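Work through the exercises below with the model open. Try each task before reading its solution.

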2 protein chains.
Amino acid sequence: MKIGELSKRTGASVRSLRYYEQEGLLASVRMDNGYRTYNWVAEEQVRTIQFYLSLGLTTEQIGSFLNCVLKNKEAFCAEVLPIYERKLQEIDAQLLQLGQIRTNLLDRIRSIQESQ
Amino acid sequence: MKIGELSKRTGASVRSLRYYEQEGLLASVRMDNGYRTYNWVAEEQVRTIQFYLSLGLTTEQIGSFLNCVLKNKEAFCAEVLPIYERKLQEIDAQLLQLGQIRTNLLDRIRSIQESQ
DNA sequence: ATAAACCCTGCCATTAACGTCAGGGTCAAG
DNA sequence: CTTGACCCTGACGTTAATGGCAGGGTTTAT
């Protein structure tokens, strides 16, 4: 399958698929005319990439364990757990900060509304 | 006072102070040699800017009501409340998304740990 | 044989609040 | 009169995953 079809099947833009290749996440075989070709495995691979991106991981992080998790269970790939844990800490820090901002905002909104 | 002193007093970098001026948030008077001069009011003004930035507002949003809130109570400035409410919605959307990611991450972490 | 629909490789743009030079004046103290 | 500590104006860099365009080849169908 060519890149346009892979794009339609996965929802990833053609531009994104080329970017994943450039970042070493997705391989393609070139036809004589230079067109990229993909097999059915690529489709699942793209969905896997999309999932990890949706967790907020960077392409670099994904690249560090993608080959492993495509062939094994996640638990087998030692890279994965520490990345997950780092990400969790980041998320918790962001949640904390957003929560504080939210509290501040609510206070301000309430005090404006009360004074009307 | 010159920009260096204002920077020390407020903790904002010299670069930031110039940026606030460029964005119309902070005025200065120029000396004969071109140096910026500030009065004591500027110090409080910078702290006000810093506070609004800490709420995650953009310099553009801040600029839309800063002059008003420097001279009146927030409640008097009609621009403020809708901006606060929009920001609150953004925050809530982010909190929701981060919460979902966090749940996913925790699931993955747990399933890895259980299989060890 | 031609138009529509693909594909390719660059490369610039995006976001927001700065950081960080370069290249050059100004000023105070010794 | 020189050194060090200031100040100035540009202007490019930063972050990350794309969007979008230019300029050009390929394929498919009519």
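**Exercise 1. Count the salt bridges across the interface of chain B and chain A, and locate examples.**

Solution. Apply the rule: a side-chain nitrogen of Lys or Arg within 4 Å of a carboxyl oxygen of Asp or Glu. Across the interface of chain B and chain A, this rule gives four salt bridges. One side-chain pair is A:Arg102 with B:Asp92, at 2.6 Å from N to O. Next take B:Glu74 and A:Arg108, whose side chains form a salt bridge at 2.9 Å, N to O. B:Glu74 sits in the loop between helix 4 (59–71) and helix 5 of chain B, and A:Arg108 in helix 5 (residues 80–114) of chain A, so this pair joins two chains. Helices here are DSSP runs of H or I with at least four residues, strands are runs of E with at least two, and both are numbered from the N terminus. Now widen the search to the whole structure: 18 salt bridges turn up over all chains.

Keep the source in mind. This is a predicted model: local features need pLDDT of at least 70, side-chain atom pairs count only at pLDDT 80 or more, and totals for chains, interfaces and linings use all residues. Residues are numbered from 1 along each chain as its sequence is written, chains are lettered from A and ligands numbered from 1 in the order in which they are written, and side-chain values use heavy atoms, without hydrogens and water.

**Exercise 2. Describe the side of chain B that touches chain A: which helices supply it, and how do its residues divide by class?**

Solution. Start with the polar contacts (pairs of N or O atoms within 3.5 Å; within protein, one must be able to donate a hydrogen and the other to accept it, and residues adjacent in sequence count only if both atoms are side-chain atoms). Six residue pairs, both at pLDDT 80 or more, are in polar contact across the interface of chain B and chain A. On the chain B side, helix 3 (40–54) and helix 5 (80–114) each supply at least two residues. Helix 5 of chain B gives the largest share, 21 residues. By class, the side of chain B that touches chain A holds 16 nonpolar, seven polar and six charged residues. Nonpolar means Ala, Val, Leu, Ile, Met, Phe, Trp, Tyr, Cys and Pro; charged means Asp, Glu, Lys and Arg; the others, Gly among them, are polar.

**Exercise 3. State how much area chain B and chain A bury between them.**

Solution. Count residues: with contact meaning heavy atoms within 4.5 Å, 29 residues of chain B and 29 residues of chain A take part. Then take the buried area, the accessible area (1.4 Å probe) that two parts lose on being put together, summed over both. Chain B and chain A bury about 2800 Å², with 76% of it on carbon and sulfur atoms. B:Leu105, B:Arg108 and B:Ile112 supply 21% of the area that chain B buries against chain A, more than any other three residues.

**Exercise 4. Find the residues that come nearest to DNA strand D, and list atom pairs.**

Solution. A residue is near a strand if one of its heavy atoms lies within 4 Å of it. DNA strand D has 20 residues around it; A:Ser13, A:Ser16, A:Tyr20, A:Tyr35 and B:Gly4 come nearest. Of the strand D atoms within 4 Å of the protein, 72% belong to sugar and phosphate. Side-chain pairs include A:Asn33, with a polar atom 3.0 Å from a phosphate oxygen. An N or O atom in the side chain of A:Tyr35 lies 2.8 Å from a base nitrogen. A polar backbone atom of A:Thr59 is 2.9 Å from a phosphate oxygen. Helix 2 of chain A gives the largest share of this surface, four residues.

**Exercise 5. Repeat the search for DNA strand C.**

Solution. Strand C is surrounded by 20 residues, the closest being A:Gly4, A:Arg30, B:Ser13, B:Ser16 and B:Tyr35. Sugar and phosphate make up 69% of the strand C atoms within 4 Å of the protein. Side-chain N or O atoms meet phosphate oxygens at A:Arg18, 2.8 Å, and at B:Ser13, 2.6 Å. Helix 2 of chain B supplies the largest share of the surface near strand C, four residues.
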